[in-house]
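Colleague: I am new to this structure and would like a friendly tour of its pockets, cores and cavities. Could you take me through them?

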Amino acid sequence: MATAAFSYGSDVSGLVWGFLMGDGVPTRQVDAAEAAAWTAHPERERFTWLHFNLSNAASERWLRAHAGLPDEFYEILHQGSRSTRIEVAEDALIAVVNDVQHNFSFDSADISTLWVHVTPRGVISARRKPLESIERLRQDVLQGNPIRSPAELLVHLLRDQADILVNIVREAVARVDATEDQLLAGRLTRRREDLGALRRVLVRLQRLLAPEPAALFRLLQRPPAWVEREDREELRQATEEFAVVLRDLAALQERIKLLQEEIAAQVNEDNNRSLFLLTIVTVMALPINLIAGLLGMNVGGVPLSQHAHGFWIVLGFTAAVTGTIAWVLLRLQRPR
């Protein structure tokens with residue numbers, strides 16, 4: 001347990017998992033030592049998928065020592081920009097993929113980045129936090145689903161990412177539907193801040209993921225020679241599906257914005273109604289305060305001071321004036 005905690009869920013080299021696979025070849029797991037030996041002497045029929053945890057400082061040291069990655073990969077790895085993109089470098093594909101963590105709770109902190117390097121000899125992926133799409137892909141590999149090429153592995157990852165995004169949109173739609181139903185029923189319990197937080201997360205997701213379809217389309221225009229025609233067609237379909245999901249995401253953001261405006265209008269109307277009632281009470285109390293102040297002056301000649309029923313006469317007059325003012329105010333507020 002102490003070793004696992006020290007290595008951040010990976011082995012001492014930073015490797016979280018490794019697979020050796022190929023078209024028509026049984027898939028088996030490999031450790032860092034086997035992966036290093038294979039990268040030194042690769043086979044044409046097989047390729048590797050190595051997944052690293054960058055929170056372990058040993059990961060980058062192992063990659064520089066054994067993986068033979070181009071400098072562009074390490075530059076992208078340390079760049080501040082995390083927008084999704086796919087670039088070609090030295091006949092390899094370098095992808096920056098944004099994904100959500102396990103048990104995504106609609107918190108912007110639950111969005112993290114995955115870096116992927118793809119060549120005909122294998123796939124190297126690296127992340128700092130456990131992500132949902134890459135875990136789905138690992139489960140499919142463990143269940144024996146055949147993956148014949150590194151390009152197909154990348155397509156599978158992008159499809160898993162799109163499926164997760166679809167689920168996020170569905171859950172967000174369910175939350176918005178519940179809020180809208182409560183609003184229409186006049187029993188809104190969810191606060192406006194909840195919708196604001198949901199919209200901020202969706203905006204960040206869209207901002208990070210929106211460049212992905214364009215990056216894939218650019219890749220499809222000039223793909224590396226080792227990307228087969230079938231893989232290019234799969235990439236094209238994944239791009240179209242992802243673009244549809246992003247449009248749904250944008251439409252949901254607009255719907256949340258309109259719902260926020262409607263809630264804000266309702267809150268303003270309630271505030272105006274409360275201010276109006278407070279104004280009525282203040283105006284109705286004005287005659288009472290005025291008459292009480294006049295009759296309470298310590299001077300001679302106060303009317304009805306010696307009358308047997310002076311108190312009730314003043315009280316009745318005050319009530320009549322107050323009632324008249326209230327009636328006038330209510331008449332003025334009636335819709336015309």
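Modeller: Gladly, and we begin with a term: a pocket is an open set of grid points with protein on both sides within 12 Å along at least five of seven lines, and its lining residues have an atom within 4 Å of a point. Please keep in mind that this is a predicted model.

Colleague: Which residues lie nearest the centre of the second largest pocket?

Modeller: This pocket holds about 210 Å³ of space. By class, its lining has five nonpolar, two polar and seven charged residues. Of the 14 lining residues, those nearest the centre are Pro120, Arg148, Ser149, Pro150 and Glu228.

Colleague: And which elements give two or more residues to the lining of the largest pocket?

Modeller: The largest pocket has about 290 Å³ of space. It is lined by 20 residues, and Ala67, Gly68, His117, Thr119 and Arg121 are the closest to its centre. The elements that supply two or more lining residues are α2 (32-40), β3 (47-53), α3 (58-67), β6 (111-119) and β7 (122-127).

Colleague: How many residues of that lining are nonpolar, polar and charged?

Modeller: For this count, Gly goes with the polar residues, so Gly68, one of those closest to the centre of the largest pocket, is placed in the polar class. The lining of the largest pocket comes to ten nonpolar, seven polar and three charged residues.

Colleague: Let us turn to the interior. Which element gives the largest share of the largest nonpolar core?

Modeller: In soluble globular proteins, nonpolar side chains tend to be buried together. Here the largest nonpolar core has 30 residues, and Trp49 and Ile134 have the most contacts inside it. Elements giving two or more residues to this core are β1 (15-22), β3, β5 (92-100), β6, α5 (132-142), α6 (150-185) and α8 (211-221). The largest share, six residues, is from α6.

Colleague: Which residues does Trp49 touch, leaving out those up to four places away in sequence?

Modeller: Trp49 is buried, and it is one of the residues with the most contacts inside the largest core. Leaving out residues up to four places away in sequence, Trp49 touches Trp17, Gly18, Phe19, Met21, Val123, Ser125, Ile134, Leu137, Arg138, Val141 and Leu153.

Colleague: How many residues are in the other core that lies apart from it?

Modeller: That other core includes Val201, Leu205, Phe242 and Ile256. Its size is 27 residues.

Colleague: Now for the rings. How are Phe19 and Trp49 arranged, stacked or edge-to-face?

Modeller: A search of the whole structure gives four aromatic pairs. In one of them, Phe19 and Trp49 are 5.8 Å apart centre to centre, with 25° between the planes. Planes under 30 degrees apart count as stacked, so this pair is stacked.

Colleague: How many residues apart are Phe19 and Trp49?

Modeller: Phe19 sits in strand β1 and Trp49 in strand β3, so that the pair links distant parts of the chain. Ring pairs also join both of them with Trp17 in a cluster. Phe19 and Trp49 are 30 residues apart.

Colleague: Is Tyr74 buried or exposed?

Modeller: Tyr74 forms an edge-to-face pair with Phe73, at 5.8 Å centre to centre and 85° between the planes. Phe73 has 0% relative accessibility and counts as buried. Because the relative accessible area of Tyr74 is 6% and the cut-off is under 20%, Tyr74 is buried.

Colleague: On to the enclosed spaces. Which element gives the largest share of the lining of the largest cavity?

Modeller: There are two cavities of 30 Å³ or more, and the largest has a volume of about 50 Å³. Its lining is made up of Asn98, Asp99, Val100, Gln161, Ile164, Leu165, Ile168, Leu205 and Leu209. At least two lining residues come from each of β5, α6 and α7 (192-209). The largest share, four residues, belongs to α6.

Colleague: Which element gives the most to the lining of the second largest cavity?

Modeller: About 30 Å³ of space lies in this cavity. Trp49, Val116, Val123, Ile134, Leu137, Leu153, Leu154 and Leu157 line it, a set with eight nonpolar, no polar and no charged residues. With three residues, the element that gives the most is α6.

How values were computed
Residues are numbered from 1 along each chain as its sequence is written. This is a predicted model: local features need pLDDT of at least 70, side-chain atom pairs count only at pLDDT 80 or more; totals for chains, interfaces and linings use all residues. Side-chain values use heavy atoms; hydrogens and water are left out. On a 1 Å grid over the protein atoms alone, a cavity is a set of points where a 1.4 Å probe fits but cannot get out, and a pocket is an open set with protein on both sides within 12 Å along at least five of seven lines; lining residues have an atom within 4 Å of a point. Grid points are joined across faces, edges and corners, and a volume is the space filled by probe spheres set on the points. A nonpolar core is a set of buried Ala, Val, Leu, Ile, Met, Phe, Trp, Tyr and Cys residues joined through side-chain atoms within 4.5 Å. Buried means under 20% relative accessible area, exposed over 50%, partly exposed in between (1.4 Å probe, protein chains only). Contact means heavy atoms within 4.5 Å. Rings of Phe, Tyr and Trp (its six-membered ring) pair if their centres lie within 6.5 Å; planes under 30 degrees apart count as stacked, over 60 as edge-to-face and the rest as tilted.
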